[in-house]
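Reader: I am new to this structure and would like a close look at a single part of it. Could you take the helix that comes second along the chain and describe what surrounds it, before turning to other features?

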Amino acid sequence: MDVSIAESWKPIVAKEFEATYFNDLVSFVKTEYSQFTCYPKSSAIFAAFDYCSFDDLKVVIIGQDPYHGVGQANGLCFSVSDNIAIPPSLQNIFKEIETDLGKRVPENGNLERWAKQGVLLLNATLTVRAHEAGSHQKKGWETFTDTIISQISNNKKNVVFLLWGGFAKKKAKRIDDKKHTILTSGHPSPLSANRGYWFGNKHFSKTNDFLKSKGLQAINW
């Protein structure tokens with residue numbers, strides 16, 4: 001496991017990399033990757049930070065776990081690698097964008113294009129064992145990513161946090177809603193979306209309206 005992170009994030013995470021829990025986490029992840037197939041590939045574990053610099057950050061989307069199917073996870077939450085079938089949750093995200101903004105559903109689900117515009121696509125747990133959802137939860141990743149969320153809240157202003165589903169909504173307590181905007185809805189998974197908890201949330205137009213109101217460039221979703 002390569003624990004180097006993009007330069008702009010180093011002041012934010014330097015103390016975490018020195019913490020006992022993080023050293024234990026690194027040992028766990030290295031062992032898992034050496035003994036089992038795990039995702040994403042080691043070089044993509046911190047991809048969310050590689051594509052979205054701290055200075056450019058405007059939006060945070062919080063996921064739970066990387067995809068655990070072959071070739072899916074690319075280090076960005078909800079995103080899949082090129083030439084991989086678009087998973088159901090991401091299909092529903094694209095459907096909402098189509099309804100909300102009139103944009104056609106894209107042909108691939110690689111969200112690097114969002115990340116490069118300042119959207120941090122952050123999973124709470126950054127690794128997973130193949131075909132075993134949740135297998136790397138409660139090993140230290142959540143402590144690390146909770147710190148990231150708190151640091152963003154403390155050190156930035158006018159960030160839009162998109163919290164989808166019960167798990168993500170719990171992160172709201174780490175965010176100063178006087179400095180930032182928090183938008184919540186049900187999860188885009190079929191189970192939640194088909195019950196009426198996702199479609200119609202208009203989070204993408206609301207995000208852009210907020211950014212523009214602060215003189216910031218809107219996201220090309």
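Author: What follows begins with helix H2 and its partners, and then moves on to an aromatic pair, two backbone details and a pocket. Please keep in mind throughout that this is a predicted model.

Helix H2 covers residues 20-35, and one of the helices it packs against is H1, which spans residues 10-18. The axes of H1 and H2 are 5 Å apart and meet at an angle of about 75°, which makes H1 roughly perpendicular to H2. On the H1 side the contact involves Glu-16, Phe-17 and Glu-18, and on the H2 side these meet Thr-20, Tyr-21, Phe-22 and Asn-23. Sorted by class, this contact of H1 with H2 holds three nonpolar, two polar and two charged residues.

Helix H2 also packs against helix H6, residues 141-155, and here the axes lie 9 Å apart at an angle of about 125°; the two helices are therefore oblique to each other. From H2 the residues Tyr-21, Phe-22, Leu-25 and Val-29 take part, and they meet Trp-141, Thr-143 and Phe-144 of H6. By class, the contact of H2 with H6 has six nonpolar residues and one polar residue, with no charged ones. Tyr-21 and Phe-22 thus appear in the contact with H1 and again in the contact with H6.

Next come the aromatic rings, of which a search of the whole structure finds 21 pairs. In one of these, the ring centres of Trp-9 and Phe-49 are 4.9 Å apart and the ring planes stand at 75°, so the pair is edge-to-face. Because Trp-9 lies in the segment before H1 while Phe-49 belongs to helix H3, residues 47-51, this pair ties together parts that are 40 residues apart in sequence.

Two details of the backbone also deserve a careful look. Most peptide bonds are trans, and most residues other than glycine have a negative phi. Tyr-39 and Pro-40, however, are joined by a cis peptide bond, with omega of about -5°, and Pro-40 sits in the loop between strand E1, residues 38-39, and H3. Phe-78, although it is not a glycine, has a positive phi of about 70°, and Phe-78 is placed in the loop between E2 and H4.

Finally, there is the largest pocket, whose volume is about 520 Å³. Its lining consists of 27 residues, and those nearest its centre are Gln-64, Asp-65, Pro-66, Tyr-67 and His-187. Strand E2 (59-63), helix H4 (88-101) and helix H7 (165-169) each contribute at least two residues to the lining of this pocket, and H7 gives the most, with four residues. By class, the lining of the largest pocket has 13 nonpolar and 13 polar residues, together with one charged residue.

Notes: Residues are numbered from 1 along each chain as its sequence is written. This is a predicted model: local features need pLDDT of at least 70, side-chain atom pairs count only at pLDDT 80 or more; totals for chains, interfaces and linings use all residues. Side-chain values use heavy atoms; hydrogens and water are left out. Axes are lines fitted to C-alpha atoms, for helices over the stretch in contact, and angles run from 0 to 180 degrees between N-to-C directions. Angles under 35 degrees count as roughly parallel, over 145 as roughly antiparallel, 65 to 115 as roughly perpendicular and the rest as oblique. Contact means heavy atoms within 4.5 Å. Ala, Val, Leu, Ile, Met, Phe, Trp, Tyr, Cys and Pro count as nonpolar, Asp, Glu, Lys and Arg as charged, and the others, Gly among them, as polar. On a 1 Å grid over the protein atoms alone, a cavity is a set of points where a 1.4 Å probe fits but cannot get out, and a pocket is an open set with protein on both sides within 12 Å along at least five of seven lines; lining residues have an atom within 4 Å of a point. Grid points are joined across faces, edges and corners, and a volume is the space filled by probe spheres set on the points. Rings of Phe, Tyr and Trp (its six-membered ring) pair if their centres lie within 6.5 Å; planes under 30 degrees apart count as stacked, over 60 as edge-to-face and the rest as tilted.
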